[in-house]
Amino acid sequence: MLDVLSSAHSSLPAGSNVVLFVAEKSKDPIGSFLFGSVARKALEQARGVGFEGKLDQVTLVHAGLRTVSRFIFVGLGNEKEISFDFIRRGTAAAVRRANALKLSKVFVRVPVLSDMSQSSQAATEGALLGAYRYTEFQSKPVPSALQTVSLLTKDASEAALVKSGVARGRVFAEAVNTVRDWVNCPPSDMDPATMTALAQKASRSGFKLRVYKKTELKKMSMGGILGVNRGSAKDPFFLHMLYRPKRGPVRRRIGICGKGITFDSGGLSLKPAKSMETMKDDMTGAATVINLMKALAILQPAVEVHGFTPITENMPGGDAVKPGDVLRTFRGKTIEVLNTDAEGRLVLSDALSFACRQKLDEVIDIATLTGACVVALGTKIAGLMGNNADLQSRLSGAASQAGEKLWPLPLDKEYEPMLKSHVADIKNIGVTGVAGTIIGGLFLKSFVDETMPWAHLDIASTAWSDEGTALSPPGATGFMVRTLLTYLTGRYS
Ligand code: BES
Ligand code: ZN
Ligand code: ZN
């Protein structure tokens, strides 16, 4: 397992491999003052063989110093555009290269930017996210060479900032990587009971957990969750988690709901084989919420956070809910199910109305809700909807701080009639091919109290990457975990 540390530049051991960042067109690598003219000469050499300093570009040059054996230069692109996210991506690229070169240890001089603690957090995240691999089911996984990434500090005051950044970065990255592990896990292994057991284990780090089983869900009339569960051989669970800081006042009470479909076959409205291949990722929202709770217990921000996760499979068993069936949800509202594949909104209808019964200042939900989100925003941007402009803008601020992308879609009233049912209070689909992501959002909105500020994150297109991203190999990405953690810990502008 890769570890990230901080270490004083003055105690750099002989023969070290040092990562330095380089802006395009710049003569000196950032932080080269620590190495005198040698770093500049090495960069000249790298430029001579085509290294331009473009974003994500990495190259290696022999330094010939006693302390530094090799420099690994990482491109940051245009100097004016450099952000914390470039540091995150750059460190991930450097770590991947170091692993490919079978280096066991590298030292990184992180650019200061405006805040050394934040820069170090970004670098730590980049290292740990970039090194992530899912090898659980491989008989002979190739071991990772890289064991340690050490962030170089110039003096004691810097060391304190770097250490705090590394500590936060570790918690952030661990939350993301655990979500990735759970999502990458085969769906028959990561079933509702297993997820619930993992939440129980996570709760030991310091949050409360109440588990509602099937009999209790029946008593509470959670018809959305029970309806989706009917076709599955496995029992559903509904988890209510609570984080409160150990000390001090609470600034805000926030509810966060996550869709937890451990496998989405579509139910009787069965998905085509190809679309089903990645449907183990349909519990990403719930995995995100559970791991946020754990991270909060470690970081202890001054907020109260309630997590709600409905967890079940969506399967086409003999007793499965049928197109045309009507479900009665937690607050009594009835839903005509015309497509059993629009099941996320069914389980979330119970979760959101349950959340609105708690004493909360705002509610956020996160869900792999609609395939239409891929069409609207592609695989790098999540959809943001809601009933409160302030909450949306705070979330957007947190996303840009965390280096993740969100884009608002309008929950326009004019589309509400598309959800009108002739038999029940509402139906679960609109018109095929028409504003699918917005319709999903409008459906959820109707289960949220009008006075409750609420935001909905549709991560259907971003939770999974077939090709991999700058920060993750192919598979689960853990997208939005960092944004939500940034938001809940209040470190955004
Ligand atoms: N889990 C899917 C959404 C999804 C699609 C997630 C692709 C990740 C990648 C969701 O339950 C679903 O099937 N939605 C339907 C809704 C439709 C029937 C109104 C969809 O998007 O096709
Ligand atoms: Zn579905
Ligand atoms: Zn689904």
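Let me start with the second largest pocket, which holds about 650 Å³ of space, and I should say at once that what we are looking at is a predicted model. This second largest pocket is lined by 21 residues, and those nearest its centre are Met1, Leu2, Leu128, Tyr132 and Asn177. Two elements give two or more residues to that lining, namely strand 1, residues 3-8, and helix 4, residues 156-184, with helix 4 giving the most, six residues. If you sort the lining of the second largest pocket by character, you find nine nonpolar, six polar and six charged residues.

The largest pocket, for its part, encloses about 1100 Å³. Its lining is made of 41 residues, and the closest to the centre are Lys271, Leu369, Thr370, Gly371 and Ala372. The elements that supply two or more residues here are helix 8 (273-276), helix 11 (372-377), helix 13 (436-445) and strand 19 (464-465), and of these helix 11 gives the most, with four residues. By character, the lining of the largest pocket divides into 15 nonpolar, 14 polar and 12 charged residues.

Now to the metals, beginning with the zinc ion that is ligand 3. Which protein atoms act as donors to the zinc ion (ligand 3)? They come from Lys259 through NZ, from Asp264 and Asp282 through OD, and from Glu343 through OE, at distances of 1.9 to 2.4 Å. Along the chain, these donors of ligand 3 follow the spacing K-x4-D-x17-D-x60-E. Six donor atoms surround this zinc ion (ligand 3), and because the angles they subtend run from 77 to 172°, the arrangement is octahedral. For reference, the ideal angles for six octahedral donors are 90 or 180 degrees. Of the residues involved, Lys259 and Asp264 are both buried.

The other site is that of the zinc ion (ligand 2), whose protein donors are Asp264 (OD), Asp341 (O), Asp341 (OD) and Glu343 (OE), lying 2.0 to 2.2 Å away; please note that Asp341 appears there with both O and OD. The site of ligand 2 also has six donor atoms, but with angles of 70 to 167° among them the geometry is classed as irregular. The spacing of the donors of ligand 2 along the chain is D-x76-D-x1-E.

What links the two sites is Asp264, which bridges the zinc ion (ligand 2) and the zinc ion (ligand 3), the two ions lying 3.2 Å apart. Asp264 sits in strand 10 (residues 260-264), while Asp341 is in the loop between strand 13 (334-336) and helix 10 (344-356), so this pair ties together parts that are 77 residues apart in sequence. Are these two residues buried or exposed? Asp264 has a relative accessibility of 3% and therefore counts as buried, whereas Asp341, at 22%, is partly exposed; the cut-off that separates them is 20%, since buried means under 20% relative accessible area.

Finally, a word on helix 9, residues 284-299. Its 16 residues, taken at 1.5 Å a residue, should span 22 Å, and because its end C-alpha atoms are indeed 22 Å apart, the expected and modelled values agree. Helix 9 is mostly covered, with 13 of its 16 residues buried. Right after helix 9 comes Gln300, whose phi is positive, near 55°.

Key:
Residues are numbered from 1 along each chain as its sequence is written. Chains are lettered from A and ligands numbered from 1 in the order in which they are written. This is a predicted model: local features need pLDDT of at least 70, side-chain atom pairs count only at pLDDT 80 or more; totals for chains, interfaces and linings use all residues. Side-chain values use heavy atoms; hydrogens and water are left out. Donors are N, O and S atoms within 2.8 Å of the metal (3.2 Å for Na, K and Ca); water is not among the atoms, so sites may look incomplete. Four donors count as tetrahedral if all angles lie between 85 and 135 degrees; four count as square planar and six as octahedral if opposite donors are over 155 degrees apart and all others between 65 and 115; anything else is irregular. Buried means under 20% relative accessible area, exposed over 50%, partly exposed in between (1.4 Å probe, protein chains only). On a 1 Å grid over the protein atoms alone, a cavity is a set of points where a 1.4 Å probe fits but cannot get out, and a pocket is an open set with protein on both sides within 12 Å along at least five of seven lines; lining residues have an atom within 4 Å of a point. Grid points are joined across faces, edges and corners, and a volume is the space filled by probe spheres set on the points. Ala, Val, Leu, Ile, Met, Phe, Trp, Tyr, Cys and Pro count as nonpolar, Asp, Glu, Lys and Arg as charged, and the others, Gly among them, as polar. The expected span of a helix is 1.5 Å times one less than its number of residues.
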